[in-house]
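Please look over the sequence and the structure shown here before reading on. The paragraphs below lead from one part of the fold to the next.

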Amino acid sequence: MALIGIAGAAIAGAGAASAQDRRQNTPGEFDFYVLSLSWSPSFCEEASERGNSGRSQAQCGGRPFSFVVHGLWPQYEHGFPDYCERPSPRLDRNIMSSMLDLMPAPGLIFNEWDKHGTCSGLSPRAYFETIRKARSAVKIPPEFIELSDPRTVAPSEIEDAFIKVNPGLSSAAVAVTCNRTRLSEVRICMSKDLQFRACEEIDRRACRREQVLMPPMRGG
């Protein structure tokens, strides 16, 4: 279930407990979304290094992926809600299957609904339709769509590339994250009606490395 770095969903740092919002975990009561786009080749290399290739086969075997959707996460200005309904309403497998083109890992989709979707105040179908709308509102820079060779790049260059091809996107609304050496994700802040908007807390937690590695797409 840990596909595409589910642990990374705790984007507010030490966790929700560090910055409790008075609305904490009330479904539908939040300030904005974060659309998290994972660089799939980095995830797959890390899964291989951990010996988890079998569990990540859906994402890392066969079709080459570039940026894939990790999730659409309701956020507060400080902190974030999670697991807003326990037990969460059951996610229909047909809805899960319909999202595999954007989120190529069944375990990830089920987890994202339980942890984040239940906080949206939306039905399962409406939540995943919102993910699809959010993803369609973001253009991927062409140089990253079919990356066939490893590339070392400054996080600021990745951010600038997204800003260049997405009118209205500013540096205050996007954050690039990384691990010790590789690009992990590009996180884009969006209002509830899916317009780009600034998000100071997310931006503060962006990658501070001078350069990160973008492994090439598998099969590239």
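**Helix 4 and its surroundings**

In this predicted model, the elements that cover the buried residues of helix 4 include strand 2, helix 3 (93–98) and helix 5 (124–136). Helix 4 itself, which spans residues 106–115, is mostly covered, with 7 of its 10 residues buried. The buried residues are Gly 107, Leu 108, Ile 109, Asn 111, Glu 112, Trp 113 and Lys 115, a list in which Asn, Glu and Lys stand beside Leu, Ile and Trp.

Strand 2, one of the elements covering helix 4, leads on to the sheet. This is an open sheet of 4 strands in the order 2-1-5-4, with antiparallel pairing. Its edge strands are strand 2 (67–75) and strand 4 (174–178), each of which pairs on one side only. Averaged over the sheet and with direction ignored, neighbouring strands are turned by 20° against each other. Strand 4 is joined by 5 bridges to strand 5 (residues 183–190), and the two run antiparallel; within this pairing, Val 174 has Ile 188 of strand 5 as its bridge partner.

Two helices lie across these strands. Helix 1 (residues 40–49) lies across strand 1 (32–39), strand 2 and strand 5, and runs at about 60° to strand 1. Helix 6 (residues 155–165) lies across strand 1, strand 2, strand 4 and strand 5, and its direction makes an angle of about 145° with strand 4.

The packing of side chains can be followed next. The largest nonpolar core has 44 residues, and those with the most contacts inside it are Phe 128, Ile 158 and Phe 162. Leaving aside residues up to four places away in sequence, Phe 162 touches Leu 37, Phe 67, Val 138, Lys 139, Ile 140, Pro 141, Phe 144, Leu 169, Val 186 and Ile 188; the last of these, Ile 188, is also the bridge partner of Val 174. Apart from this core lies another, of 8 residues, among them Trp 73, Ala 175, Cys 189 and Ala 206.

Where, finally, does the largest share of the lining of the second largest pocket come from? Strand 2 provides that share, with 3 residues. The second largest pocket holds about 190 Å³ of space, and of the 13 residues that line it, the closest to its centre are Arg 63, Phe 65, Ser 66, Phe 67 and Asp 101. Phe 67 thus appears in two settings, as a residue that Phe 162 touches and as one of those closest to the centre of this pocket.

Methods:
Residues are numbered from 1 along each chain as its sequence is written. This is a predicted model: local features need pLDDT of at least 70, side-chain atom pairs count only at pLDDT 80 or more; totals for chains, interfaces and linings use all residues. Side-chain values use heavy atoms; hydrogens and water are left out. Two strands pair if DSSP finds at least two bridges between them. Axes are lines fitted to C-alpha atoms, for helices over the stretch in contact, and angles run from 0 to 180 degrees between N-to-C directions. Contact means heavy atoms within 4.5 Å. Buried means under 20% relative accessible area, exposed over 50%, partly exposed in between (1.4 Å probe, protein chains only). A nonpolar core is a set of buried Ala, Val, Leu, Ile, Met, Phe, Trp, Tyr and Cys residues joined through side-chain atoms within 4.5 Å. On a 1 Å grid over the protein atoms alone, a cavity is a set of points where a 1.4 Å probe fits but cannot get out, and a pocket is an open set with protein on both sides within 12 Å along at least five of seven lines; lining residues have an atom within 4 Å of a point. Grid points are joined across faces, edges and corners, and a volume is the space filled by probe spheres set on the points.
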